[in-house]
Amino acid sequence: MTNISRRTFNGLLGAAGAVTMAGSLSACTSGPKVVVVGGGFGGATAAKYVKRYDPSFDVTLIDADKSHFTCPFSNAVIGGLKDMSYIERKFDALVNKHGVKVFNDMVVAVDPVAKVVKTKSGQTFAYDRLILSPGIDFKWNAIAGYDEAASQIMPHAWKAGPQTALLKKQLEAMPAGGLVVISAPGNPFRCPPGPYERASLIAGYLKKNKPKSKLLILDSKDAFAKDKLFKEGWEKLYDDIIEWVPAAKNGKVAKVDAKAGVVETDFEKFKPNVANIIPPQMAGTIAQTAGLTDKSGFCPVDPNTFESTIHKGIHVIGDACIAGEMPKSGYSASSQAKVAAAAAIALIKGEKPLQFSAINTCYSLLAADYGISVAAVFAVTDGKIAGVKGAGGVSPMGANYQFRKKEADYADGWYQSVCQDTWA
Ligand SMILES: Cc1cc2nc3c(=O)[nH]c(=O)nc-3n(C[C@H](O)[C@H](O)[C@H](O)COP(=O)(O)OP(=O)(O)OC[C@H]3O[C@@H](n4cnc5c(N)ncnc54)[C@H](O)[C@@H]3O)c2cc1C
């Protein structure tokens, strides 16, 4: 531990007001310091697993919010299948069961040389290793006119919480026979099947509550994750509701005028009752501020340890990092977190980190009783994370009702178990 870190830490212990969770003071340990930024799938798993792998480590988790609303199952909230409370995760168990110190503040700066992070309220936290899992932020105005103010009128709902509630409220308020437009971004973005799951569950809501309404997916791509399975499901369930317009047929949204309620491609103008604009994305702002991103807007990392290739001592995981063929999903983030946690401990102790291997399973719901899935195993090949050939698989086409219903039940089971593994 450096002098700076000891001074800072003692100062923080004196500042009881800075401690979010009362239990965090008693959880104090004097081992090496790991600071984790972000309490979502990546960050919460990393904090918990550093403590599980070696309880002598002193682990601090900093999140800007008091609790985390998960994006997984937020589409089910929007579609009226679940309540907001279903997707809210609190940090209490990390503190009380696992001995993680949790602080509620926004990290605004990282000094990779002094190894200190600074928060909005002026606190500083010294670290031996930093694990960053800030998720994504948006490239405002990449779609002309779509900035943060416009997102209050045409929600993205691509971070769960108030945006989820806003989109749901707008759907409830729209008339029967209305039009919903979803603008889907180009790759790479958070949760590749997410826009299509959302379209399905909104269509389910419209079918039940707003008869004769239509849903148009304006896409910046010509293909998408699990597209054959989605299209098969739409034909069965929502043939008269969902229309998908690929980039090749001018689906890409170029411009919006949120106040006028207009969404434009290069050739057409739409005036939907509800517009859900999912803009292009980049690593969370703090990763940009800390100089951890490359020109793609995401963070290059060593594929075995998730240590930044730009700043040593900082591991970047989850949606913010460039993880080869691994999709940007909650399950990927949580798998990467375990790898980064073990690597951070090994590197602090001067040991050799293990070889990377991880899995991702992704369920999508088309209705409460209709699920589809894809699973894959990943390893490092030629210095890059790639899918292991022959491992994993996709739901079959043409499956019967019982099969799809079972997959929907597994989706719920998957959610419960990944949340348990992350926050409980
Ligand atoms: C609609 C939708 C559905 C999805 N469904 C699935 C699914 O079914 N399965 C699946 O595996 N994935 C799903 N995903 C993807 C999944 O949500 C993300 O991949 C996952 O959340 C990434 O985890 P993360 O840790 O990188 O970021 P997040 O989980 O977003 O966590 C980031 C955290 O960092 C905090 N933070 C950010 N910046 C700072 C800062 N400067 N200071 C302090 N705190 C900060 C935020 O408050 C947040 O709590 C879905 C996504 C969407 C949008």
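User: How do the residues of the shell around the ligand divide into nonpolar, polar and charged?

Analyst: Ala, Val, Leu, Ile, Met, Phe, Trp, Tyr, Cys and Pro count as nonpolar, Asp, Glu, Lys and Arg as charged, and the others, Gly among them, as polar. In this predicted model, the shell divides into 16 nonpolar, 12 polar and 7 charged residues. A residue belongs near the ligand if one of its heavy atoms lies within 4 Å of it, and 35 residues surround the ligand, the closest being Gly42, Asp63, Ser133, Arg190 and Asp319.

User: What should I know about the numbering and the model before reading on?

Analyst: Residues are numbered from 1 along each chain as its sequence is written. Local features of this predicted model need pLDDT of at least 70 and side-chain atom pairs count only at pLDDT 80 or more, while totals for chains, interfaces and linings use all residues, and side-chain values use heavy atoms, with hydrogens and water left out.

User: Which atoms of Ser133 and Arg190 lie 2.8 Å and 2.6 Å from an oxygen atom of the ligand?

Analyst: A polar contact is a pair of N or O atoms within 3.5 Å. Here a polar side-chain atom of Ser133 lies 2.8 Å from a ligand oxygen atom, and a polar side-chain atom of Arg190 lies 2.6 Å from an oxygen atom of the ligand.

User: Which domains supply the shell around the ligand?

Analyst: Domain bounds come from an automatic or database domain assignment. At least three shell residues come from each of domain 1 (6-138 + 281-416) and domain 2 (150-277), and, with contact meaning heavy atoms within 4.5 Å, 39 residues of domain 1 are in contact with 34 residues of domain 2.

Notes:
Polar contact = N/O pair within 3.5 Å; in protein donor to acceptor, adjacent residues only side chain to side chain.
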